[in-house]
Amino acid sequence: RTRLPRSDMGRWTWRLAVVLGTAGYFGRALLFGIVGWYVTGAAIENDPSQGQGVDGSVRLLAGSGAGPPLLWLLAITLVLYGAYMFVEARYRRVG
């Protein structure tokens, strides 16, 4: 929020930017948490083949019981993050 000039944005645009940014950064944190979960599990088990990147972690998550709803949530929040990046690209202070 400190990089966006509130004075250059309308009230509605500012609220939209805050909501998109909050939800988007939540999605990024969720994605990093999922990947970290599987990497930590591989470290605890001392089995490097269990360590997965983003693709492998999402595939493993998709096969679990709560996977599909969690993947939908993740997808929606990452789309919101992308939308926030457009708002930030338009309004961000440079320099």
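Here is a walk through the structure, from the overall fold down to a few side chains.

Keep in mind from the start that this is a predicted model. Its secondary structure is quickly told: three helices and zero strands, so reading along the sequence gives the pattern α-α-α. The radius of gyration comes to 17 Å, well over the 12 Å that the globule rule gives for 95 residues, so the protein is more spread out than a compact globule. You can get a feel for that from the C-alpha trace, which spans about 50 × 30 × 15 Å along its principal axes. Of the 95 residues, 28% count as buried. As for how the chain meets itself, take the contacts with a separation of 6 or more: 61% of them come from residues 24 or more positions apart.

Now pick out helix α1. With 35 residues, α1 reaches 51 Å from its first C-alpha to its last, and that is close to the 51 Å expected at 1.5 Å a residue. Just after α1 ends, look for N46, which takes a positive phi of about 55°.

Next, the aromatics. A search of the whole structure turns up two aromatic pairs. One of them is Y25 with Y81, an edge-to-face arrangement with 5.3 Å centre to centre and 75° between the planes. This pair ties together distant parts of the chain: Y25 belongs to helix α1 (residues 11-45) and Y81 to helix α3 (residues 67-91), 56 residues apart. How do the two partners fare for accessibility? Y25 has a relative accessibility of 33%, so it counts as partly exposed. Y81, at 17%, counts as buried because the cut-off for that label is under 20%.

Y25 also pairs with Y84, again edge-to-face, at 5.9 Å centre to centre and with 65° between the planes. Here too distant parts of the chain are linked, with Y25 in helix α1 and Y84 in helix α3, 59 residues apart. Y84 counts as buried, its relative accessibility being 5%. Put the pairs together and Y25, Y81 and Y84 make one aromatic cluster.

Follow Y84 and you land in the largest nonpolar core. This core has eight residues in all: L4, M9, W14, A17, L20, Y84, V87 and Y91. Helices α1 and α3 each supply at least two of them. V87 is a handy place to look around from, since, leaving out residues up to four places away in sequence, V87 touches M9, A17 and L20. Apart from this core lies another, of six residues, including L31, Y38, L61 and L74.

Y91, another member of the largest core, has a charged neighbour worth a look. The charged end of R90 sits over the ring of Y91, 4.6 Å from the ring centre.

One more stop is E88, also in helix α3. Is E88 buried or exposed? The answer is buried, with a relative accessible area of 6%. If you set aside residues up to four places away in sequence, E88 touches R3, L4 and Y25. Two of those names should ring a bell: L4 is part of the largest nonpolar core, and Y25 belongs to the aromatic cluster.

Terms used
Residues numbered from 1 in each chain as written. Predicted model: local features only at pLDDT ≥ 70, side-chain atom pairs only at ≥ 80, totals over all residues. Heavy atoms only, no water. Phe/Tyr/Trp six-rings, centres within 6.5 Å; stacked < 30°, edge-to-face > 60°. Helix = DSSP H or I, 4+ residues; strand = E, 2+ residues; numbered from the N terminus. Buried < 20%, exposed > 50% of the residue type's maximum accessible area, 1.4 Å probe, protein only. Lys NZ or Arg CZ within 6 Å of the ring centre and 35° of its normal. Core = buried A, V, L, I, M, F, W, Y, C linked by side-chain atoms within 4.5 Å. Contact = heavy atoms within 4.5 Å. Expected span 1.5 Å × (residues − 1). Rg over C-alpha atoms; globule rule 2.2 N^0.38 Å.
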